[in-house]
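Biologist: Can you pull the model up? I have some short questions about its empty spaces, and then about some strands.

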Amino acid sequence: MKATYRHLCAAMLAAWGATAAAQTLNSGYFTTDYKYRHTMNPAMGNEQNYFSFPVLGNLNASVRGNFGLQDVVMDNPLYGQPGQKRLTTFMNPYISAGKALDGFASGNNRLLEDLHLTLFSAGFKGFGGYNTLEFNLRQSVGLSLPYEFFAFAKNTGNRTYSIGDINIGAQAFAEVAVGHSHQINERLRVGAKAKLLLGVGRADLAIKDMKADLAGPDKWTLSGRAEANVSVKGFSYKSETKDYKEDGRGTYQSVNDADIDGAGLGGLGLAFDLGGVYRLNDDWTFSAAVLDLGFINWSNNVTAVNAGDRFEFDGFHDVAVNREDGGEKLSDKADRLGDQFADFAHLKDEGDRGSRTAGIGATLNFGAEYTLPAWRKVRFGALSSTRLRGSYSWTEGRLSANCDPLKWIGGGVTFAVSSFSTSMGWVLNIHPKGCNIFVGMDHLLGSLSKEGIPLSSNASVSVGMNVAW
């Protein structure tokens, strides 16, 4: 499980260490002839046929969350003294608790990533409508940590911490999709997309009702229920023998790492996108869609659970996070925090429990568009998006203003309020005959670290190049 712990700690150190690829560009939902509107509503077609440049057809770099690098990594108040590095974590004992915890939400603190890498995509008119073919690689990672987890890691001086629930989840799969949209009458257009899902792997770690009680100087008694489920071909846990802290209780096996022997298809599944567009009159158009309504049946489920109901833990310890200490990589620092988290989770290998079936997370989109009667090249839109995925669910409302000054160029600006932040976005779509180039953002880039990591953990850039006719 150290790989899972490493994901957690890398997120804490660097908001996942880099930007990730997002599933869609919501700012393009109302953009005329934006080639990938069908990824947000399968009923939407295009004015042109197209096929994508491999990989380059639809590239999205994005990350979202309600805490980020600036909340975890801080200036070291002892910098300049012998052996002290420039940056440290919020756990540094010389940083006050008020300052260290100021950036964390009082409820759940989350970081989310959705990867939708288009290897190939094509759209063409035929069969009485518009058709799409796609081959995509997809990955999602979710992290949800309660405020009390950070308070405990900081050790604010309490004797008891009710930490609550911790959730970490990741899944990866390939997707082969076939879609068709059809004009039913002059007002209504409907569409559907069928997807064959080829599972690569899935991992879930849930720690429920975690509590910490002071047991002595730098020692804590932890209690709670923890369970990790991993579905990856050839996966197994690695364990080490440890002694119980209390005299006379002997030894136990504790998970501290993982191994993958070989590779292969981890599961198979199906999913569907359904959508509709209704044109009320020349001015108003309404739309709705449900995406990724489906599941994957994973062939194995390697499980680990608590090694004991109550156990001792010596707390989290600060590490320097700048890259100046002898060339040590950020991943090595994450490993050291990962070792600490392995002790915190205190898991015991339970072996393979057989197959399991899990949903991939559905998305609901509802849109309304108004065309300005005085100048029909200008349109205004409202889009509601809701992602349904347990602890990693989120909602967003986005307003847009779009304009098509020329037949072959269009774009717009957007404003959104979501579960994580408010944001401004924009999109430019160039679509003459022969080619299509688009670029846009759902969230403007804010301040970046020296490594190019968004300090707020909210950023988005989208670009694509396609052949069109």
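Biologist: What volume does the largest pocket have?

Modeller: This is a predicted model, and the largest pocket in it comes to about 770 Å³.

Biologist: Which residues lie nearest its centre?

Modeller: Arg37, Val277, Arg279, Thr285 and Glu369 lie nearest the centre of the largest pocket, out of 31 residues that line it.

Biologist: And which strands each supply at least two residues of that lining?

Modeller: Strand 6, strand 12 (267-279), strand 13 (284-298) and strand 18 (362-371) each give at least two residues to the lining of the largest pocket.

Biologist: How many of the lining residues are charged, polar or nonpolar?

Modeller: The lining of the largest pocket has 13 charged, 10 polar and eight nonpolar residues.

Biologist: Moving on to cavities. How many are there of 30 Å³ or more?

Modeller: There are five cavities of 30 Å³ or more.

Biologist: How much space lies in the second largest one?

Modeller: The second largest cavity holds about 60 Å³. It has 10 lining residues, and the closest to its centre are Asp114, Arg138, Gln139, Ser140 and Arg387.

Biologist: Which strand gives the largest share of that lining?

Modeller: Strand 6 does, with three residues of the lining of the second largest cavity. Strand 5 (108-126), strand 6 (129-146) and strand 7 (160-183) each supply at least two.

Biologist: What about the classes there?

Modeller: The lining of the second largest cavity has four polar, three nonpolar and three charged residues.

Biologist: How do you find empty space like this anyway?

Modeller: A probe the size of a water molecule is rolled over the atoms, and that shows where empty space is left.

Biologist: New topic. Do strands 19 and 20 pair in the parallel or antiparallel sense?

Modeller: Antiparallel: strand 19 (residues 378-388) and strand 20 (residues 394-406) pair over 10 bridges. In one of them, Val378 has Cys403 in strand 20 as its bridge partner.

Biologist: What lies between those two strands?

Modeller: Strand 19 and strand 20 form a hairpin with five residues between them. In the turn, Gly390 has a positive phi of about 60 degrees.

Biologist: And over how many bridges does strand 20 pair with strand 21?

Modeller: Strand 20 pairs with strand 21 (residues 409-418) over nine bridges, in the antiparallel sense. The bridge partner of Asn402 in strand 21 is Gly412.

Biologist: How many residues does the hairpin from strand 20 to strand 21 go through?

Modeller: Two residues join strand 20 to strand 21 in that hairpin.

How values were computed
Residues numbered from 1 in each chain as written. Predicted model: local features only at pLDDT ≥ 70, side-chain atom pairs only at ≥ 80, totals over all residues. Heavy atoms only, no water. 1 Å grid on protein atoms, 1.4 Å probe; cavity = no way out; pocket = protein on both sides within 12 Å on 5 of 7 lines; lining within 4 Å. Points joined across faces, edges and corners; volume = space filled by probe spheres on them. Helix = DSSP H or I, 4+ residues; strand = E, 2+ residues; numbered from the N terminus. Nonpolar A, V, L, I, M, F, W, Y, C, P; charged D, E, K, R; others polar. Pairing = 2+ DSSP bridges.
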